[in-house]
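These are my notebook entries on a structure that I had not examined before. I set down in turn what I looked up and what I found.

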Amino acid sequence: MRIIEDATLFTPPGESPNHWAERFRVPDLSVGTYSIAVGGTDDQAPHLEDEVYVVIGGRAILNSDSATAAVQAGSVIYVPAGENHTFTQITEDLTLLVIFAPVYGSRQR
């Protein structure tokens, strides 16, 4: 067992449009925190890994190839590998716990 420290903390992006920090990694999955400030920009590209977002805090709209949904603290969202998705209309600082399977960056394009 392992406690994953700081996985739910919002990190102000500073000069960047958002902030990503990997918190934990084992061969079959990785866990990180993705933070986007109010009015910020989600500039991520589709990933080659499946991912689950757990909204820890904040509010936004998640647009993807398959759906659009309002998300807020407590929302849990699955995004399959390769699907375009972007958080928009960020009205409260957005803190996301992100789980990738397999490990983020492990699949080659």
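**Entry 1. Charged pairs**

I began with arginine 25, in a model that is predicted. I recorded arginine 25 as partly exposed, because its relative accessibility is 45%. I then looked for its charged partner and found glutamate 22, with which arginine 25 forms a salt bridge. The closest N and O atoms of this pair are 3.0 Å apart. Glutamate 22 is also partly exposed, at 36% relative accessibility.

I noted the general background: side chains of opposite charge can pair when their charged atoms come close. How many salt bridges does the count give? The count comes to two.

The other entry in my list joins glutamate 92 to arginine 59, with 3.2 Å between the closest N and O atoms. This pair links distant parts of the chain, since glutamate 92 is in strand S6 and arginine 59 in strand S3, which covers residues 50-64. The two residues are 33 residues apart. I checked their surroundings as well: glutamate 92 is partly exposed with a relative accessible area of 36%, and arginine 59 is partly exposed at 38%.

**Entry 2. The nonpolar core**

I turned next to the interior. In soluble globular proteins, nonpolar side chains tend to be buried together. Here the largest nonpolar core has 15 residues. Those with the most contacts inside this core are Tyr53, Val71, Ile77, Phe87, Leu94 and Leu96.

Which elements give two or more residues to this core? I listed strand S2 (29-36), S3, strand S5 (76-79) and S6. The largest share, six residues, comes from S6.

I followed one core member, valine 71, in detail. Leaving aside neighbours within four places in sequence, valine 71 is in contact with Val55, Gly58, Arg59, Ala60, Leu62, Ile77 and Phe87. I noted that Arg59 in this list is the arginine that forms the salt bridge with glutamate 92.

**Entry 3. Aromatic pairs**

I asked how many aromatic pairs the structure holds. The count is two.

Tryptophan 20 and phenylalanine 100 form an edge-to-face pair, 5.8 Å centre to centre, with 80 degrees between the planes. Tryptophan 20 lies in strand S1 and phenylalanine 100 in strand S6, so this pair ties together parts that are 80 residues apart in sequence. I compared the accessibility of the two partners. Tryptophan 20 is partly exposed, with a relative accessible area of 31%, whereas phenylalanine 100 is buried, at 2%.

Tyrosine 53 and phenylalanine 87 also form an edge-to-face pair, with 5.1 Å between centres and 85 degrees between the planes. Tyrosine 53 lies in strand S3 and phenylalanine 87 in strand S6, so parts 34 residues apart in sequence are tied together. Both tyrosine 53 and phenylalanine 87 are buried. I had already met both among the core residues with the most contacts.

**Entry 4. Asparagine 18**

I then examined a polar residue, asparagine 18, in the segment before S1. Is asparagine 18 buried or exposed? I recorded asparagine 18 as buried, because its relative accessible area is 12%, and the cut-off for buried is under 20%.

The side chain of asparagine 18 reaches the backbone oxygen of threonine 41 at 2.9 Å. Not counting residues up to four places away in sequence, asparagine 18 touches Pro13, Tyr34, Ser35, Ile36, Thr41, Asp42 and Asp43.

**Entry 5. Backbone exceptions**

I closed with the backbone. Most residues other than glycine have a negative phi, and most peptide bonds are trans. I looked for departures from this pattern.

Aspartate 6 has a positive phi, near 60 degrees. Aspartate 6 lies in the segment before strand S1 (19-26) and counts as partly exposed, at 41% relative accessibility.

Glutamine 89 has a positive phi of about 45 degrees although it is not a glycine. Glutamine 89 lies in strand S6. Is glutamine 89 buried or exposed? I entered glutamine 89 as exposed, because its relative accessible area is 59% and the cut-off for exposed is over 50%.

Finally, I noted a cis peptide bond between alanine 101 and proline 102, with omega about -5 degrees. Proline 102 is placed in the segment after strand S6 (85-101).

Notes
Residues are numbered from 1 along each chain as its sequence is written. This is a predicted model: local features need pLDDT of at least 70, side-chain atom pairs count only at pLDDT 80 or more; totals for chains, interfaces and linings use all residues. Side-chain values use heavy atoms; hydrogens and water are left out. Helices (H or I, at least four residues) and strands (E, at least two) are DSSP runs, numbered from the N terminus. Buried means under 20% relative accessible area, exposed over 50%, partly exposed in between (1.4 Å probe, protein chains only). A salt bridge is a side-chain nitrogen of Lys or Arg within 4 Å of a carboxyl oxygen of Asp or Glu. A nonpolar core is a set of buried Ala, Val, Leu, Ile, Met, Phe, Trp, Tyr and Cys residues joined through side-chain atoms within 4.5 Å. Contact means heavy atoms within 4.5 Å. Rings of Phe, Tyr and Trp (its six-membered ring) pair if their centres lie within 6.5 Å; planes under 30 degrees apart count as stacked, over 60 as edge-to-face and the rest as tilted. A polar contact is a pair of N or O atoms within 3.5 Å; within protein, one must be able to donate a hydrogen and the other to accept it, and residues adjacent in sequence count only if both atoms are side-chain atoms.
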